[in-house]
Amino acid sequence: MGCFFSKRRKAEKESQPEGEEERPKQYSWDQREKVDPKDYMFSGLKDETVGRLPGKVAGQQFLIQDCENCNIYIFDHSATVTIDDCTNCVIFLGPVKGSVFFRNCRDCKCALACQQFRVRDCRKLEVFLCCATQPIIESSTNIKFGCFQWYYPELAFQFKDAGLSIFNNTWSNIHDFTPVSGELNWSLLPEDAVIQDHVPLPTTEELKAVRLSTEASRSIVPVSRGQRQKNSDESCLVVLFAGDYTIANARKLIDELVGKGFFLVQTKEVSMKAEDAQRVFREKAPDFLPLLNKGPVIALEFSGDGAVDGCQLIVNEIFSETKMFVSESKDAASGDVDSFYNFADIQMGI
């Protein structure tokens, strides 16, 4: 028994005009634009200001190595970034889909956003960080952390392209793989630290064309206190459910409450199941269960004397037509916060 397809291919070949060569097959990988690794690398630089503008990295891997006294700015999203053997450098990295790995670096000041962050064999780094998972240091000393605080028009879209949420930021929850008894290899930068004093804006004409701001009120990532000591025993949990204006509402709520003197402690964006809602929302869970199918929720923790009453007042005044969960009392708020963040951290593997 013959094969129908083999007969057809033979017939097609025989019908081809004599002298006419068969066209070579085209494959998708032949159509791809050739990538020059040198376009995604800064190596062996000294006393220079260099960078990449939005759209020039577009999700590629990037390497920074053997640089000294340099200011380096990557205003685009990347797959992964490795920084090796750099000294006395200022480094800004736009959103990184995977990991950022510092190795054998010293006296560097950085601002960056990533899925994973790791430091090994480094000393004296200052890092303004947005990290979706727990940051890790290893065999390193004098590493200081602050919350990422930056804005330019393309940055929000770059976070989406990198698959990062601006609300998942564990910048202060550091794990030290190699602790030394009686010593602390890392610390948090002062809360009033001015990011431009550490990571200044670029001065070259090309990079100045990017419309940059380091004002906390304009930062794409909400500026949180993290694990700094709270100035009040009172905290309030607010949960916003997925919808057309969830992110805008979260930002508006943060601006209103911070403007009234309350502190944003931490934020999370995570999917919830019915059993999670029962544990966090308790008797109110049935009201919120239908909303969980629309997408992840955004949770905000605020602290300060009167935080619960302050949150409820603003939600009732400004967001009366938007369904939100707000801690109902000071006594219940602590349990709400713990219940939500314990579940969220477990789900996110933190």
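This is a guided tour of a predicted model, one selection at a time.

**Stop 1: the cysteines**

Start with the cysteine sulfurs. How many disulfides does a search of the whole structure find? It finds zero. Select Cys-86 and Cys-67 to see one such case. Cys-86 is in no disulfide, and its nearest cysteine sulfur, that of Cys-67, is 4.6 Å away. A disulfide needs the two sulfurs within 2.5 Å. Colour Cys-86 by accessibility: it is buried, with a relative accessible area of 0%.

Now add Cys-110 and Cys-108. The closest cysteine sulfur to that of Cys-110 belongs to Cys-108, and the two are 5.7 Å apart, too far for a bond. Cys-110 is also buried, at 0% relative accessibility.

**Stop 2: strand β7 and its partners**

Stay in this part of the chain and select β7, residues 106–120. Show its partners one by one.

- Strand β6, residues 90–103, pairs with β7 in the parallel sense over ten bridges. To find the register, pick Val-96: its bridge partner in β7 is Cys-114.
- Strand β8, residues 123–131, runs parallel to β7 and is joined to it by eight bridges. Pick Lys-109 here; it stands opposite Glu-126 in β8.
- Strand β9, residues 136–138, pairs with β7 over three bridges, again in the parallel sense. The residue to pick is Val-119, which stands opposite Ile-137 in β9.

**Stop 3: a positive phi at Asp-66**

Move to the loop between β3 (62–65) and β4 (71–74), and select Asp-66. Most residues other than glycine have a negative phi. Asp-66 is not a glycine, yet its phi is positive, about 55 degrees. Is this residue buried, exposed or partly exposed? Asp-66 counts as partly exposed, at 43% relative accessibility.

**Stop 4: strand β13, covered on both faces**

Jump to residues 235–240, strand β13. Six of its six residues are buried, so the strand is largely enclosed by the rest of the structure. In a regular strand the side chains alternate between the two faces of the sheet. Show the side chains and look at each face in turn. One side carries Ser-235, Leu-237 and Val-239. The other carries Cys-236, Val-238 and Leu-240. Both sets are buried, so both faces are covered.

Next, bring up the strands that pair with β13. Strand β15, residues 297–303, runs antiparallel to it, with six bridges between them. Ser-235 stands opposite Ser-303 in β15. Strand β16, residues 324–326, also pairs with β13 in the antiparallel sense, over three bridges. Its Phe-325 is the bridge partner of Val-239.

**Stop 5: two residues of helix α6**

Select helix α6, residues 246–259. Two of its residues are worth a click.

Take Thr-246, which lies in α6. Thr-246 counts as buried, at 9% relative accessibility. Beyond its neighbours within four places in sequence, Thr-246 is in contact with Leu-240, Phe-241 and Ile-298. Leu-240 is one of the buried residues of β13.

Then click Ile-254, also in α6. Ile-254 is buried, with a relative accessible area of 9%. What does Ile-254 touch, not counting residues up to four places away in sequence? The list is Pro-222, Gly-259, Leu-264, Leu-300 and Phe-302. Finish with a distance: the C-alpha atoms of Ile-254 and Glu-301 are 9.8 Å apart, although 47 residues separate them along the chain.

**Stop 6: the α7 and α8 crossing**

Select helix α7 (residues 274–281) and helix α8 (residues 285–292) together. Their axes come within 9 Å and cross at roughly 145 degrees. The crossing is right-handed. Show the side chains at the contact. From α7 come Ala-274, Ala-277, Gln-278 and Phe-281. They meet Ala-285, Phe-288, Leu-289 and Leu-292 in α8. By class, this contact has seven nonpolar residues, one polar and no charged.

Last pick: Arg-282, in the loop between α7 and α8. Arg-282 has a positive phi of about 50 degrees, although it is not a glycine. Arg-282 is partly exposed, with a relative accessible area of 32%.

Methods
Residues are numbered from 1 along each chain as its sequence is written. This is a predicted model: local features need pLDDT of at least 70, side-chain atom pairs count only at pLDDT 80 or more; totals for chains, interfaces and linings use all residues. Side-chain values use heavy atoms; hydrogens and water are left out. Buried means under 20% relative accessible area, exposed over 50%, partly exposed in between (1.4 Å probe, protein chains only). Axes are lines fitted to C-alpha atoms, for helices over the stretch in contact, and angles run from 0 to 180 degrees between N-to-C directions. Helices (H or I, at least four residues) and strands (E, at least two) are DSSP runs, numbered from the N terminus. A crossing is left-handed if the near helix is turned anticlockwise from the far one by less than a right angle, and right-handed if clockwise. Contact means heavy atoms within 4.5 Å. Ala, Val, Leu, Ile, Met, Phe, Trp, Tyr, Cys and Pro count as nonpolar, Asp, Glu, Lys and Arg as charged, and the others, Gly among them, as polar. Two strands pair if DSSP finds at least two bridges between them.
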